Amino acid sequence: MLKVFNCDFHIHTCLSPCADLDMHPRALVEKALEAKLDLIAICDHNSSENVPFVMNAASGKALNVISGMEITTSEEVHVLAIFDSLDNLARIQRVVYQHLSGKNDERLFGVQAVVNENGEVEGINEKLLIGATDLSLDKLLIHIHEFNGLAIAAHIDRESFSVLSQLGFIDKKVKFDALEITPATGIAGARIKYRDLSNYSFLVSSDSHFLKDIGTARTKIVLREATIAELKMAFAGQNGRRVLE
Ligand SMILES: [Zn+2]
Ligand SMILES: [Zn+2]
């Protein structure tokens, strides 16, 4: 049976240097439940170590967690990549780390904490997660699709780190599955502003870096269940699956 899922595909954890340390798995899941979200994706900058812990924290609760990552391309474009399995997430993680260099400066960018579902620190990631990979946008999307993931252009209406701010347009060869809009513009506003992108599904997400942000934005999507296969159909508007506007 098809039903409406309240989705937010862009939530950071305390692993992102720019996110609050209060954004640990258990607190984040509690806030998402309180906000009546049904489906969230965890997308930390170029990293995914907290995803399994968020899944553990949500286990047995009325919240679906999809694994993901917000990857920075060589053009400094942010792309949300979401996957059906931790195996495929590990595959994209290997590619991203092969193409990411540098060491984090905690004083400058913040702490990158790996925290389990009990709130215990498992470790500190020392890579320069805030940096850009040397993967071009088209190469990255090929990898995401190779690992059965979906690629969403992040915050296309923002003046930095978006495909439009960095490249000015979306090349037809670059196969995004959907485009993300900030709540400030909203889907209705984006439909007016981006008439040339009318073929795409638009999603609104919170890009939460703080607990208080969770629940401030959501996209309602008609799905049978919370899987990548269902989301792929919804983004393409197939078989009754669709993004509600
Ligand atoms: Zn971003
Ligand atoms: Zn983000």
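This report describes the fold, the core and some backbone features of the predicted protein model shown above.

Residues are numbered from 1 along each chain as its sequence is written, while chains are lettered from A and ligands numbered from 1 in the order in which they are written. Since the model is predicted, local features are given only at pLDDT of at least 70 and side-chain atom pairs count only at pLDDT 80 or more, although totals for chains, interfaces and linings use all residues.

**Overall form**

The protein has eight helices and eleven strands, where helices (H or I, at least four residues) and strands (E, at least two) are DSSP runs numbered from the N terminus. The radius of gyration, taken over C-alpha atoms, is compared with a globule rule of 2.2 Å times the number of residues to the power 0.38; for 245 residues a compact globule would have a value near 18 Å, and the 17 Å of the protein agrees with this. Along the principal axes, the C-alpha atoms fill a box of roughly 45 × 40 × 30 Å.

Buried residues make up 44% of the 245 residues, a residue being buried if 20 or more other C-beta atoms (placed from the backbone) lie within 10 Å of its own, exposed if 12 or fewer do, and partly exposed in between. Two residues are in contact if their C-beta atoms, placed from the backbone, lie within 7 Å; of the contacts with a separation of 6 or more, 71% are between residues 24 or more positions apart.

**Core and strands**

The largest nonpolar core (buried Ala, Val, Leu, Ile, Met, Phe, Trp, Tyr and Cys residues joined through C-beta atoms within 7 Å) holds 67 residues, of which Ile40, Val54, Val79, Ala81 and Ile152 touch the most other members. Beyond residues up to four places away in sequence, Val54 touches Thr13, Pro25, Leu28, Val29, Ile42 and Val65.

Strand 8 is covered on both faces, with Ala178 and Glu180 buried on one side and Leu179 and Ile181 buried on the other. Strands count as paired if DSSP finds at least two bridges between them; strand 7 and strand 8 pair in the parallel sense over two bridges, and Ala178 in strand 8 is the bridge partner of Ile152. Three bridges join strand 8 to strand 9, again in parallel, with Phe202 of strand 9 as the bridge partner of Leu179. Between these two strands the chain passes through helix 7 (residues 186–193) in a right-handed β-α-β crossover, meaning that, with the strands pointing away from the viewer, the path from the first strand over the helix to the second runs clockwise.

Val204 lies in strand 9 (residues 202–204) and is buried, with 25 other C-beta atoms within 10 Å. Leaving aside neighbours within four places in sequence, Val204 is in contact with Ile181, Pro183, Gly186, Ile187, Ala217 and Thr219.

**Helix 8**

In helix 8 (residues 228–236), Glu230, Leu231, Ala234 and Phe235 are buried. Seen down the helix axis, these buried residues fall within an arc of 135° (from the directions of their C-beta atoms), so they line one face of the helix. They pack against strand 7 (150–153), strand 8 (178–181), strand 10 (219–223) and strand 11 (242–243).

**Positive phi**

Most residues other than glycine have a negative phi. The table lists residues with positive values.

| Residue | Phi | Place |
|---|---|---|
| Lys36 | near 60° | loop between helix 1 (25–34) and strand 2 (39–42) |
| Asn46 | about 55° | loop between strand 2 and helix 2 (51–58) |
| Gly237 | near 65° | following helix 8 |

Lys36 counts as exposed, with 11 C-beta neighbours inside 10 Å, whereas Asn46 counts as buried, with 24.
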